[in-house]
Amino acid sequence: MIYLDSAATTAVRREVLEAMWPYLTAEFGNPSSHHSLGEAAAQALKTARATLAQLLGCRASEIIFTSGGTEADNLAIKGIALAAPRGRHIVTTTIEHEAVLESCDYLHRHHGFEITYLPVDRQGLISLEQAAAAIRPDTTLCSIMLANNEVGTIQPIHELAGIAHAAGVPIHTDAVQAAGALDLNVGNLGVDALSLSGHKFGAPKGTGLLYLRGRLTIEPVLHGGGQERGRRSGTESVAGAVALAKAFQMAETSRLESAQRLSKLRDDFIAAVLSFVPSAILTGDSVKRLPGSASFCFPETSGEAVLLYLEEHEIICSSGSACAAGADHPSHVLLAMGLEPAIAQTAVRFTLSESTTAEELSRVALTIRNAIHSLTRSK
């Protein structure tokens with residue numbers, strides 16, 4: 001089997017399983033308990049938090065453990081907006097993950113927030129000028145993803161952060177797809193809040209974090225025992241936190257080398273597909289894109305039919321966001337980029353991993369050619 005759906009999830013690294021195993025077995029204490037087992041768990045949690053903070057370039061107190069990227073996005077957007085808003089206006093984009101879009105919609109429906117959705121161009125990029133024009137005296141928050149989960153386009157977050165801060169507005173970025181691929185030092189990015197999901201870079205599902213700059217106040221989404229300094233109640237998953245720290249540490253260690261290798265594989269693969277299938281449309285920016293992301297539309301076909309053909313030949317990929325799997329409507333990302341609905345429904349996404357090889361991608365490109373030939377001939 002050739003697995004090309006790493007944007008949906010990655011396999012848990014063996015080293016990560018080994019790191020978390022003690023906290024699933026003998027060291028099973030509750031980190032809030034004041035006895036030896038609890039204190040051992042609390043120390044493991046503290047060490048994991050410190051490791052993640054060092055990798056992100058922030059203070060340990062600015063790390064909030066969550067159940068993944070969706071919760072982190074919800075906590076950032078709802079929490080910042082409801083804590084001490086200077087107004088009821090949020091700036092985001094039309095291509096955000098559903099966790100961001102639905103959080104903004106919730107604030108609009110239940111709390112009267114006005115949401116400005118920045119448009120994108122055909123490559124999925126927003127305009128810095130339009131972003132600056134959208135920010136108002138009553139803007140409470142900007143939330144703009146670092147890299148898109150469907151087409152891989154990378155936004156100029158550092159510049160956007162400068163624009164937001166010049167107006168006194170905090171900025172949150174969903175960096176779920178960027179971990180292990182881009183520099184996530186929060187000082188370099190200039191962001192006030194950042195979401196991560198562990199299963200995108202070798203940790204188990206159900207792990208994640210929100211970085212929240214210390215000066216920002218936040219209204220909790222989950223209430224209870226006051227864990228995570230009162231910002232996210234619920235007994236922490238110690239094993240999950242240990243796994244998250246280990247996986248992110250490993251991803252960061254190999255990031256530069258991996259990004260260089262995957263970028264070369266990606267570019268060669270894109271060139272091969274476009275050569276074999278001249279009618280194919282590359283989606284996303286051809287340069288400002290994640291190293292391991294290649295996505296296409298194949299006009300006159302069905303994206304689902306292409307996926308089925310590839311899976312019959314032991315190639316696993318997807319039509320877009322796993323969170324929208326099973327939906328029969330076109331991708332909101334592709335529609336926002338200006339693609340016609342009929343074209344958007346032919347989308348197929350290929351996302352590489354550290355184990356992907358050039359030989360595998362050569363086979364995939366040839367199989368895509370055969371798939372398109374078979375499907376268009378049968379029409």
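Domain bounds here come from an automatic or database domain assignment. The model on display is predicted.

**The whole chain**

Begin with the entire protein chain, shown as a cartoon. The chain carries 13 helices and twelve strands. Its radius of gyration is 21 Å, close to the 21 Å expected from the globule rule for 379 residues, so the chain is as compact as a globular protein of that length. Aligned along the principal axes, the C-alpha atoms occupy a box of roughly 70 × 50 × 35 Å.

**The two domains**

Next, colour the chain by domain. Select residues 2-6 together with 255-378 for domain 1, and residues 14-250 for domain 2. Domain 1 is thus assigned two segments of the chain, 2-6 and 255-378. The centres of the two domains, taken over C-alpha atoms, are separated by 28 Å. In the contact between them, domain 1 contributes 24 residues and domain 2 contributes 26.

**The interface**

Turn now to the surface shared by the two domains. About 2100 Å² is buried between domain 1 and domain 2, and carbon and sulfur atoms give 55% of that area. Display Arg-255, Leu-290 and Met-337 as sticks: these residues supply 28% of the area that domain 1 buries against domain 2, more than any other three residues.

What kinds of polar interaction does the rule find across this interface? There are nine residue pairs in polar contact, with both residues at pLDDT 80 or more. The count of salt bridges across the interface of domain 1 and domain 2, by contrast, is zero.

To view the side of domain 1 that touches domain 2, select helix 9 (255-276), strand 10 (293-297) and helix 11 (332-336), each of which supplies at least two of its residues. Helix 11 gives the largest share, four residues. By residue class, this side of domain 1 comprises ten nonpolar, nine polar and five charged residues.

**A salt bridge between distant parts of the chain**

Finally, search the whole structure for salt bridges; 14 are found. One to inspect joins the side chains of Glu-228 and Arg-49, with an N to O distance of 2.8 Å. Glu-228 lies in the loop between strand 8 (208-212) and helix 8 (238-253), whereas Arg-49 belongs to helix 2 (residues 36-56). The pair links parts of the chain that are 179 residues apart.

Note on methods: Residues numbered from 1 in each chain as written. Heavy atoms only, no water. Contact = heavy atoms within 4.5 Å. Buried area = accessible area lost by both parts, 1.4 Å probe. Salt bridge = Lys/Arg side-chain N within 4 Å of Asp/Glu carboxyl O. Polar contact = N/O pair within 3.5 Å; in protein donor to acceptor, adjacent residues only side chain to side chain. Nonpolar A, V, L, I, M, F, W, Y, C, P; charged D, E, K, R; others polar. Rg over C-alpha atoms; globule rule 2.2 N^0.38 Å.
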